[in-house]
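Reader: I've got a model open and I'd like to know what stands behind the labels people put on it. Can we go through them one at a time?

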Amino acid sequence: MVEALRVHVAGLVQGVGFRPHVWRLAHTLGLVGWVRNDGAGVAIHVEGERASLTEFCRRLAEEAPPSAIVDSLASERAQVLGLGDFLILDSTQGRVSTRIGPDSAPCQACLAELFDRRDRRYRYPFITCTHCGPRYTVTRALPYDRPQTSLASFPLCRECEREYRDPYDRRFHAETTCCPACGPTLTLLDAHGAPIVGDPLEEVWRLLQAGRIVAIKGIGGFHLCCDALQSQAVAMLRARKQREEKPFALMALNTASAAHWVELDAHAIALLESPERPIVLLPKRKIAEQMPVGIAPGLAELGIMLPSSPLSYLLFHAAAGKPDGLAWLEKPLARLFVMTSANPHGEPLVIDNDEALKRLQGIADAYLVHDREILVRCDDSVRRTTGFVRRARGYVPQPIRLPRPGPPVLALGGFFKNTICMTRGDEAFVSQHVGDLDNPRACVFFEETVAHLMAILAVKPEIIAHDLHPDFHATRYALELGVQHGVPTLAVQHHHAHIAAVCAEWGLVGPVLGLALDGVGLGADGRAWGGELLRVEGAFYERLGYLRELPLPGGDAAAKEPWRMAAAVLACLDRAHEIFERFGEEPAATTVATMLAKRFNCPPTSSAGRLFDAAAALLGVRRRNTFEGQAAMALEGLAARQGRVPALPDGWRIDAENRLDLLPLMDFLCDCEDAAAGAALFHATFAAALVDWVAQTAQRVGITHIVAAGGCLLNQVLRTLLGEGLHARGLAFFLPEKLPPNDGGLSLGQAWVALSARFPETS
Ligand SMILES: [Zn+2]
Ligand SMILES: [Zn+2]
C-alpha cells in the first residue's frame, strides 16, 4: 500500500548538497514526491511503500552530505498525491531561519580535479563544490543563493550551468561554483600595482624563493607570505611589519611535513586536517631551533596550519614542481611558508585589492590578487587541542546551542579581542574575532559585523547587552542601538560574563562557583577586577572572594610593563628599596618607586594576569611585553619545560574576607636564582592556592560545579593543575571549549545573562 510522508529537516542543510542527496535517495528507493528549501530548512514530500519510507527516513540523516548538520528531522503522515516522479522544486520564500555554512577547505574530489591535467579546472584557484569552498566570507545575506554571494557578478558558462542543474552532479546548486571560462581570475601585481606577466603562481614561487614578501588574497583577508626557512626574508617581514616579537603563523603542505618541526598526536593531526583548517599551536621539536629566530621568538610553540584554499594548495604545487595526481599531497615537502595576517598596526585585516596596495605599501613586494570579492573579513582561527585561542574562519557562523530558548539578544562584547553574539531561539551565533577596538578602523569593522550578523540571521534584538565599562566603543554603540531599535539595554559585569559564557556552552543552569582569572575588567565597585570568585546563577552573581589587590603603578601602563608589577609586589613586601636595584635601568624606575611610596596613580587591582607579570619580572624572565600576555607566556614556557614541582608550603593565605593572598609566594620568588625552577614553583603554588580557596568556598556555599574562565586559562600548565586539583577534591570542573577563555568569549556570556534576565522562569 502506498503511503505518504511530509518530512522537515532543520539545521545546516542549505547550500551543502542536501536536496540532491534527498533526490538520489528517493530515486534509489523508487519513491516519488518532491523536495525544496524553505525558510526553515528542507521540506520533503515522499510517497511509496512503508518499508521504503522507513528506510528513506533513516538514511536521510545517516548518509547526509559531509558539510550538512542535521539538527532535527520531523515527519508526519500526509495525503497520497499519486505523483509520477521525484522532483526538486524551487525554494519558497518564508521566514529566514536557515544558516550559512562556514568556509571549508577543498574536498578530496575537488583536489583530484585541481591536479588532473585533463580536468577543465586543472590548477584553477576558485574550484569549489557543494561540499567545500568559501561560504560565510562570500555571502551578503540569506537566502544563501548565488545572487547573495560575491560570485553574483560571474554568470555561469554553459558547462557550469549544466553541472549546477544536474542533481547527479556534485555541483548541483553549488552557489559559488565557477570555472576558468566563467569565474574569477588571478593576477600578480608588483609593488606599484602593475601586472607581472607570466603564470601568477609560478611567479609568486619565484619571488618567495628570492626572499621576497608577497601579499596573498586568502579566504577571509590578505596574508603576508614569505619563505619561512630564509632568515633574511623572515627578518625583513618582521622589520617591515613592525611586529616586534609576536609570533608568525606557518603553513605546511600536510601533517607529514609539519611533523618535522612540531610534536603531533592524533588529536592535533585531526584538527590540522579538519575542513575548518585552524592554525594549531603545537609544541616545538628540538629541530625547530634551527628555524629563523624571527618566527616565534622565545616561545615553546609554533602555530601551524595546512592549506585552507585551492590557492594555497597551488602555491605548494608550484613549489613541488607541479606534480600530477594526488600522491604528492601525502608526502613530506620541505617547504614552509610564513602566512601572517595582513593587518598593519593591529588594525583589521586587509580584504580589498585597492586597500591592499595602499595599506601594505612598503611591506609587500608583490600582490597576488583576484576579482572574487571578500564580503566578510575573517581572520584565521587559532587553537590548541584543548580549545580556542581565537575563533574565526572555518567555525563562524556555526551556532552554539543554549540550554534553553529565549528572545533574540544582541551582545556587543568588550574592548579587547571583541566578538559579537546574537541569539535566535536556543542558538547563539558568535561572530568572528573582531579584535581590539582601540582604533577607528576596528570600530568600523565592529559596526559592520553587527549589521552583517543581524542581516544573515534576519532577527531584530529585543534586548542589547554590553560591558559595565561606560567608555568602551562597544558600550556606547550598544546604547545607541538600544535607542535606535527602542529596546532595553543591559550592562553585564565583565567576569560575570566570562563565567556565564561557560555556563551557556555547557548548559549549566543551576548555581556555579566561577573562578575568573583575567587581565582586567571593571568591577561593580568601580575597581579593576581580574581574580574573582563568583557565585553565578543565570542573571545573578555574587562576589565571594578575590585575589589580594596589588597597586597598579601608572594604571594601564602596568599591563605593558611587567616590571612595574614586580615593583608593586616589592613595595607590598616592604622591599621597596630593591626596586631601584633590580629595575634601575628602566627610565621610569624612580617615578614608579615614588608613585608606590605615595600611593599616587596606583589604582588597586585583583588581576590574576598582573600576578603572572609580576612573577615573570621578578624572576628576570621578561620586564616588558611587546604583545599582550608575552611575559606570562614566557613564564609558562619555562614552567612547562621544567616539569612538575611541589607547591611551596605556606605560599598563600586566605583572610577572613575570603581574599587569597599570594605575597608569601612572591616573597620567595624575589630570592629565587633559577628562573625555570621559579616559574614552575609559581605555577604549582598558584594552582594549589586556587584549588584550596575554591574548594573551601565551594564547601561553605554548597556548590559542586566549578567554572573557570578568563585570559589566564589559556595557560595550559595552570589549566591542567587546576583541573587535577579540583577533581581530586571531588568537584566538577568546566572550562570553555567552544570559545576562547579570553575576552573573545565575553559576548556569549553577556547574551546568556541578558536572556536569563529577560526570561528567568522559562527553563
Ligand atoms: Zn569540493
Ligand atoms: Zn564555467
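Author: What follows is a round of questions on how the terms apply to this structure.

Author: Housekeeping first: this is a predicted model, where local features need pLDDT of at least 70, side-chain atom pairs count only at pLDDT 80 or more, and totals for chains, interfaces and linings use all residues. Residues are numbered from 1 along each chain as its sequence is written, while chains are lettered from A and ligands numbered from 1 in the order in which they are written.

Reader: What makes a globule of this protein with 763 residues?

Author: The radius of gyration is taken over C-alpha atoms, and the globule rule is 2.2 Å times the number of residues to the power 0.38. For 763 residues a compact globule would come out near 27 Å, and the protein has 28 Å, so the value agrees. Its C-alpha atoms fill a box of roughly 90 × 65 × 50 Å along the principal axes.

Reader: How many helices and strands does the protein have, and how do you know what counts as one?

Author: They are DSSP runs numbered from the N terminus: H or I of at least four residues for helices, E of at least two for strands. On that basis the protein has 23 helices and 29 strands.

Reader: Why is proline 297 called partly exposed?

Author: A residue is buried with 20 or more other C-beta atoms within 10 Å of its own, exposed with 12 or fewer, and partly exposed in between; the C-beta atoms are placed from the backbone. Proline 297 has 16, so it lands in the partly exposed class. Its place is in the loop between β10 and β11. Across the protein, 54% of the 763 residues count as buried.

Reader: What makes the buried residues of α8 line one face of the helix?

Author: In α8 (residues 266-273), Ala268, Leu271 and Leu272 are buried. Take the directions from the helix axis to the C-beta atoms: the buried ones fall within an arc of 100 degrees, so they line one face. On the other side, Ala266 and Ala270 are exposed.

Reader: How do you know what the buried residues of α8 pack against?

Author: Contact means C-beta atoms, placed from the backbone, within 7 Å. The buried residues of α8 pack against α7 (255-258), β10 (279-283), β11 (301-305) and β14 (382-384).

Reader: Why are β4 and β5 said to stand at the edges?

Author: Two strands pair if DSSP finds at least two bridges between them. Five strands form an open, mixed sheet in the order β4-β1-β3-β2-β5. There β4 (69-78) and β5 (86-88) each have a single partner strand, so one side of each is left without a neighbour in the sheet. The twist averages 15 degrees from one strand to the next.

Reader: What makes β1 and β4 a pair?

Author: 9 bridges join β1 (residues 2-12) to β4, and the two run antiparallel; at least two are needed, so they qualify. Within β4, valine 70 is the bridge partner of glycine 11.

Reader: And how do you know that β14 and β15 pair?

Author: 3 bridges join them, again antiparallel, with arginine 384 opposite glycine 387 in β15. Both strands belong to an open sheet of 10 strands in the order β6-β13-β7-β8-β12-β9-β11-β10-β14-β15, with mixed pairing. Its edge strands are β6 (186-190) and β15 (387-390), each pairing on one side only.

Key: Contact = placed C-beta atoms within 7 Å. Axes fitted to C-alpha atoms, helices over the stretch in contact; angles between N-to-C directions.
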